Amino acid sequence: MEKRKTFNFEKNKKISRSNYTAGENSQLVLDKDQINKNIISKRFQLIDARGEQRFLGLQPEPRKELKSGNIKGSKNLPFVELVNIKEGRTFKKKEELIKIFKARQILIDREMAFTCGSGVTACI
């Protein structure tokens with residue numbers, strides 16, 4: 001297990017309000033049209049971070065409005081393969097991540113975009 005320092009919030013410590021304002025960088029988000037065009041052009045690799053059963057359409061989606069299966073030409077890389085689940089939920093070492101990507105036939109020197117069911121695990 002990694003011996004990193006963690007921050008421990010005190011129970012009754014008052015947290016002050018911030019003036020931070022979040023902003024969206026639309027260049028980091030692809031729309032459906034861009035994804036559909038990529039199916040033909042293959043300009044970037046589309047990586048699906050869901051579990052294999054959901055990717056294959058063998059397990060129902062948790063939200064009924066979502067279709068089962070995957071986007072044509074996408075590759076499956078379940079996010080749980082990238083983290084040390086039992087050892088503190090940290091990312092695996094770079095060398096190990098490269099091996100995982102290569103085993104999934106994902107070229108690390110080409111552009112990539114990530115998907116999942118909600119957008120949360122794709123961020124990992």
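Guide: A helix here is a DSSP run (H or I) of at least four residues and a strand (E) a run of at least two, both numbered from the N terminus. The model is predicted.

Visitor: In which loop is Gly69 placed?
Guide: Gly69 follows helix H2, which covers 52-55, and comes before strand S2. Its place is therefore the loop between H2 and S2.

Visitor: Is Gly69 buried or exposed?
Guide: Buried means under 20% relative accessible area. Gly69 has 15%, so the residue is buried.

Visitor: Which residues does Gly69 touch, not counting those up to four places away in sequence?
Guide: One of them, Gly57, is 12 residues apart from Gly69 along the chain, yet their C-alpha atoms are separated by 3.8 Å. The full list of residues touched is Arg50, Arg54, Phe55, Leu56 and Gly57.

Visitor: How many helices and strands does the protein chain have?
Guide: From the N terminus on, the elements run α-β-α-β-β-β-α-β. Counted by type, that comes to three helices and five strands.

Visitor: What is the order of the strands in the open sheet?
Guide: S1 pairs with S5 (residues 112-115) over four bridges and with S2 (residues 75-76) over two bridges, in the parallel sense both times. S2 and S5 each have a single partner strand, so they stand at the edges. The order is S2-S1-S5.

Visitor: Which residue in S5 is the bridge partner of Ile47?
Guide: Bridges tie residues of S1 to both partner strands: Asp48 has Asn76 in S2 as its bridge partner, and Leu46 stands opposite Ala113 in S5. For Ile47, the partner in S5 is Phe114.

Visitor: Which residues of strand S1 are buried on its two sides?
Guide: S1 covers residues 45-48, and both of its faces are covered. On one side the buried residues are Gln45 and Ile47; on the other they are Leu46 and Asp48.

Visitor: Which residues make up the largest nonpolar core?
Guide: Phe101 belongs to this core. Beyond its neighbours within four places in sequence, the contacts of Phe101 include Leu77, Leu82 and Ile106, three residues that are also in the core. The six members are Ile47, Leu77, Leu82, Ile100, Phe101 and Ile106.

Visitor: How many disulfides does the structure hold?
Guide: The sulfur of Cys116 has its closest cysteine sulfur in Cys123, 7.0 Å away, which is too far for a bond. A disulfide needs the two sulfur atoms within 2.5 Å. Cys116 is buried, at 18% relative accessible area, while Cys123 counts as exposed, at 67%. The number of disulfides is zero.

Visitor: Which residue caps the N-terminal end of helix H1?
Guide: H1 covers residues 32-41, and Lys42, with a positive phi near 55°, follows the helix. At the N-terminal end, a side-chain oxygen lies 3.1 Å from the backbone nitrogen of Asp33. The residue that supplies this oxygen, and so caps the helix, is Asp31.

Visitor: What is the radius of gyration of the protein chain?
Guide: The C-alpha atoms fill a box of roughly 55 × 35 × 30 Å along the principal axes, and 24% of the 124 residues count as buried. For 124 residues the globule rule gives 14 Å, and the chain is well over that, so it is more spread out than a compact globule. Its radius of gyration is 18 Å.

Technical notes
Residues are numbered from 1 along each chain as its sequence is written. This is a predicted model: local features need pLDDT of at least 70, side-chain atom pairs count only at pLDDT 80 or more; totals for chains, interfaces and linings use all residues. Side-chain values use heavy atoms; hydrogens and water are left out. A nonpolar core is a set of buried Ala, Val, Leu, Ile, Met, Phe, Trp, Tyr and Cys residues joined through side-chain atoms within 4.5 Å. Buried means under 20% relative accessible area, exposed over 50%, partly exposed in between (1.4 Å probe, protein chains only). Contact means heavy atoms within 4.5 Å. Two strands pair if DSSP finds at least two bridges between them. A polar contact is a pair of N or O atoms within 3.5 Å; within protein, one must be able to donate a hydrogen and the other to accept it, and residues adjacent in sequence count only if both atoms are side-chain atoms. The radius of gyration is taken over C-alpha atoms; the globule rule is 2.2 Å times the number of residues to the power 0.38.
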